[in-house]
Amino acid sequence: MNPESTLNQLKAASPQGQLPSSYGVYFKNTLVALCHALEDHLLESSPTDSDQKPLVLVTFQQGKWYLQEAERYWDLAQHSGDVAIAALSDSGFSTHRTSELENVSLVELDPEDSLVHEWNLIIIAPTYRAMLLCHELSEEEYLPEGQPSVDMERKFYGMWTFDQELVAKSAEILIERFRRYNSPLCDRLRQQLQDILNTKGLPQTDMTGVVNRIVTYLQTSQQQLVTMNRQTRELWELEGRALKISRNLNANKLQAFLRMAQRVDERDEANPCACLQVSALSETVGQLLDLPTLKLRRLRLAGLLFRIGLVSAPREIFLKTSRELDEVSLTFWSDRAILSAQLLSAMPELAPVTHIVKHHLEYWDGSGKPDGLRRQDIPLESQILGLVSYFQELTQSRGSRSARSLSDALEKCQARSNTRFDPQLVDTLSHIVRLTEMGLMQLPDRPSQLPNVWLEEA
């Protein structure tokens, strides 16, 4: 990746030189879906006050890619403050009616500028920040197969995030990269950026709906990609290529899910290893119950992913004390479990894992959510995940409450035996706790097999 890229400049300016957990390699088809999800959120917001309209910065590489989206950007401009669009001046870049709007500014890129290899979308609003930053792989990085002949198979280093500081910093970097073309425009963009950043007192937008939309668009984009290939290739060639693309897309999505889970843990300073520890202990409980290898693998993955529904939760949730968390309604936590399941449903191959996550807040007596399942109607893996996640949270300090000892946390679980939890599962957990306290085993803190995403961060 070009060292002058916006991504690399952001990495250099970030704490410890790190990029968000969503950073990875994406197919163009996936990035189109992500862009449309972020843009649709902007289209659905209609601030009446011009001071509340967002600043939008976008780079399209070539003018022809802009023309494909120009009508859409006509609509986006009606909901925005300044909109700055950069691309090579080709294919009628400056002739579309959108380019004539007063709040739309075009930046005609020099072919030698590394920005022509980037695809960026940055939205800065008073109540939220969102962005997608990408840089296409070089010819050398496409080896050994070389650059793809099918446009949607092009690959980009990319990341997306709602992190306010990172988005604001990226906007500053991109504006300065435009300065060589139009310094007065950059001064105006910087002033609007500063005005938005100085806006105080407005409630921040919950981005849950955007995350849901991203999942829906990813599902649709994958199906469109397969359909497109079926129409353009001989059947024998299509099947092998479509399968390869599908596998690559699924690998990218699973990696994105795992990084989202990491991001949740990073935001939860009181419990920064929840996913790893819940996955590890759930696996140990499953082993004591002699679950088959396939079920253990699914349970292990469910433990890693069960919190991704909190990726867009208000930060205040992670600042609550343990008692306050207990008092947050079951409906709220169930909604987050359902959101986690909806996110995971983007990969049909994860259907069994999705089922485990969706039902891990069902209670033994039938008073849980979302379906009020009871006793053996609750999937066993969901029961294990529900018990272990509750136990693990108790063993961590939160707010003014110190971390409970293993035996104290177990007593809290035993108090809910036969109401929230299966008594036999609680007994199994008690065996692990006793063996640990006797020094005969060590409570696991990570699963037996850890995805590369975590290994890279370790």
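This is a short presentation on the fold of one protein chain, its central sheet, one of its helices and its salt bridges.

Good morning, colleagues. The structure before you is a predicted model, and every value I quote is computed from that model.

Let me begin with the chain as a whole. The protein chain contains 17 helices and seven strands. Of its 458 residues, 53% are buried. The surface that the chain exposes comes to about 20900 Å², and carbon and sulfur atoms supply 48% of that area. Among contacts with a separation of 6 or more, 72% are made by residues 24 or more positions apart.

I turn now to the sheet. In what order do the seven strands stand? They form an open sheet in the order E1-E7-E6-E5-E2-E3-E4, and the pairing is mixed. At the edges stand strand E1 (24-27) and E4; each has a single partner strand, so one side of each is left without a neighbour in the sheet. On average, neighbouring strands of this sheet are turned by 20° against each other, direction ignored.

Two helices may be placed against this sheet. Helix H1, residues 6-13, packs on the sheet and touches E5, E6 and E7, and its direction makes about 120° with that of E6. Helix H3, residues 63-78, lies across E2, E3, E4 and E5 and runs at about 170° to E3.

Within the sheet, I would draw your attention to E5. Is this strand enclosed or open to the surroundings? Eight of the eight residues of E5 are buried, so the strand is largely enclosed by the rest of the structure. Both of its faces are covered: Glu 118, Asn 120, Ile 122 and Ile 124 are buried on one side, and Trp 119, Leu 121, Ile 123 and Ala 125 are buried on the other.

Strand E5 also has a pairing partner on either side in the strand order, namely E6 and E2. With strand E2, residues 55-59, E5 pairs in the antiparallel sense over five bridges; here Leu 57 has Ile 122 in E5 as its bridge partner. With strand E6, residues 128-136, the pairing is again antiparallel, over eight bridges, and Leu 121 has Leu 132 in E6 as its bridge partner. E5 and E6 form a hairpin with two residues between them.

For a parallel pair, please look at strand E3, residues 83-88, which six bridges join to E4. In this pair, Ala 86 stands opposite Val 107 in E4.

Next, a helix. Helix H8, residues 274-288, has 15 residues and reaches 21 Å from its first C-alpha to its last, close to the 21 Å expected at 1.5 Å a residue. Twelve of these 15 residues are buried, so H8 is largely enclosed by the rest of the structure. The buried residues include Cys 275, Leu 276, Val 278, Leu 281, Glu 283 and Val 285. After H8 comes Asp 290, whose phi is positive, near 60°.

I come finally to the salt bridges. How many does a search of the whole structure find? The search finds 17, and I shall discuss three.

The first to consider joins Asp 113 and Arg 180, whose closest N and O atoms are 3.4 Å apart. This pair links distant parts of the chain, 67 residues apart: Asp 113 is in the loop between strand E4 (104-109) and strand E5 (118-125), and Arg 180 is in the loop between helix H4 (164-178) and helix H5 (183-197). Asp 113 is buried, with a relative accessible area of 8%, whereas Arg 180, at 55% relative accessibility, counts as exposed.

A further salt bridge is formed by the side chains of Asp 163 and Arg 263, at 2.9 Å from N to O. Asp 163 lies in the loop between strand E7 (155-161) and H4, and Arg 263 lies in helix H7 (residues 235-267), so the pair ties together parts that are 100 residues apart in sequence. Arg 263 is partly exposed, at 24% relative accessibility.

Helix H7 appears once more in the salt bridge between Arg 307 and Asp 265, where the closest N and O atoms are 2.7 Å apart. Arg 307 is in the loop between helix H9 (293-305) and helix H10 (316-319) and Asp 265 is in helix H7, so this pair ties together parts that are 42 residues apart in sequence. Both Arg 307 and Asp 265 are buried.

Lastly, Asp 110, Asp 113, Glu 118, Arg 177 and Arg 180 are joined into one network by salt bridges that share partners. Thank you for your attention.

Notes. Residues numbered from 1 in each chain as written. Predicted model: local features only at pLDDT ≥ 70, side-chain atom pairs only at ≥ 80, totals over all residues. Heavy atoms only, no water. Salt bridge = Lys/Arg side-chain N within 4 Å of Asp/Glu carboxyl O. Helix = DSSP H or I, 4+ residues; strand = E, 2+ residues; numbered from the N terminus. Buried < 20%, exposed > 50% of the residue type's maximum accessible area, 1.4 Å probe, protein only. Expected span 1.5 Å × (residues − 1). Contact = heavy atoms within 4.5 Å. Areas by Shrake-Rupley, 256 points an atom, 1.4 Å probe, with all protein chains shown as cover. Pairing = 2+ DSSP bridges. Axes fitted to C-alpha atoms, helices over the stretch in contact; angles between N-to-C directions.
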